[in-house]
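Reader: I'd like a close look at a single part of this one. Pick a helix, please, and then follow its contacts outward, with the reasoning spelled out as you go.

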Amino acid sequence: FFFLMIRRPPRSTQSRSSAASDVYKRQVLEVREKDLLSYLLLQREQGYTIVGLEQTSKSVSLPEYTFPQRVVLLLGREREGIPHEYLGIVDTCLEIPQFGMIRSLNVHISAVISVWEYAKQHFYRRA
């Protein structure tokens with residue numbers, strides 16, 4: 001069970017850089033399941049939006065979603081997805097549209113697609 005959060009390093013250590021290289025200076029954290037609920041609640045208190053990557057009846061299609069600047073991306077297990085106790089605290093659930101007979105993607109592939117969409121919206125905007 002993995003949890004990802006995209007967060008800037010402290011400003012004192014951040015140098016000026018182009019938007020492309022700035023993506024690589026982001027922190028990606030992993031939080032173990034035993035600490036997850038308290039960590040998610042703490043991040044919400046600090047102003048982060050909790051976004052679950054899960055197929056639900058209320059999920060928003062990833063290309064239609066506008067990511068806030070401060071976001072926590074919650075990923076579930078390969079087959080089971082995000083457990084119900086965590087779905088109750090997410091602000092939004094996103095799903096990746098798929099075609100054909102495919103029902104779901106591997107969690108690591110879904111994470112990469114979602115992080116790319118976030119980066120595209122925040123770092124690769126057209127002028």
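Author: What follows starts from helix α2 and works outward, and keep in mind that this is a predicted model.

Let's begin with the helix itself. α2 covers residues 33–45, so by its count it has 13 residues, and from the first C-alpha to the last it reaches 19 Å, close to the expected 18 Å. It does bend, though: there's a bend of about 25 degrees at Y39. Y39 is also one of the buried residues of α2, together with L36, L40 and Q43. If you write those numbers down, the pattern is worth a thought: an α-helix has 3.6 residues a turn, so residues three or four places apart point the same way. After the helix comes G47, and its phi is positive, near 95 degrees.

Now for the charged side chains. The model has four salt bridges in total, and α2 takes part in some of them. Take K34 and D35: they form a salt bridge in which the closest N and O atoms are 3.2 Å apart. How open are the two partners? K34 has 72% relative accessibility, which is over the 50% cut-off, so K34 counts as exposed. D35 comes out at 34%, so D35 is partly exposed.

Further along the helix is R44, whose side chain meets that of D91 in a salt bridge, 3.0 Å from N to O. This pair ties distant parts of the chain together: R44 belongs to helix α2, whereas D91 lies in the loop between α3 (84–87) and β6, and the two are 47 residues apart. Neither end is hidden, because D91 has a relative accessible area of 41% and is partly exposed, and R44, at 32%, is partly exposed too.

That loop brings us to the strands. β6 (residues 92–95) pairs with β3 in the parallel sense over three bridges, and T92 of β6 is the bridge partner of V51. β3 itself (residues 49–53) is mostly covered, with four of its five residues buried. β3 also pairs with β5 (residues 71–74), again in the parallel sense, over four bridges. Along that pairing, T49 stands opposite V71, and G52 has L74 as its bridge partner. Side chains of β5 go both ways: V71 and L73 point to one side, V72 and L74 to the other, and all of them are buried.

For contrast, here's a salt bridge from elsewhere, between E117 and K120, at 3.1 Å from N to O. Why call this one a pair within a helix? Because E117 and K120 are three residues apart in helix α4 (residues 107–123), so about one helical turn separates them. Their surroundings are uneven: E117 has 9% relative accessibility, so E117 counts as buried, whereas K120, at 37%, counts as partly exposed.

So, back to where we started: α2 bends at Y39, has buried residues including L36 and L40, and through R44 is linked to D91 in the loop before β6.

How values were computed:
Residues numbered from 1 in each chain as written. Predicted model: local features only at pLDDT ≥ 70, side-chain atom pairs only at ≥ 80, totals over all residues. Heavy atoms only, no water. Buried < 20%, exposed > 50% of the residue type's maximum accessible area, 1.4 Å probe, protein only. Pairing = 2+ DSSP bridges. Expected span 1.5 Å × (residues − 1). Bend = angle between axes of the 7 residues up to and from the residue.
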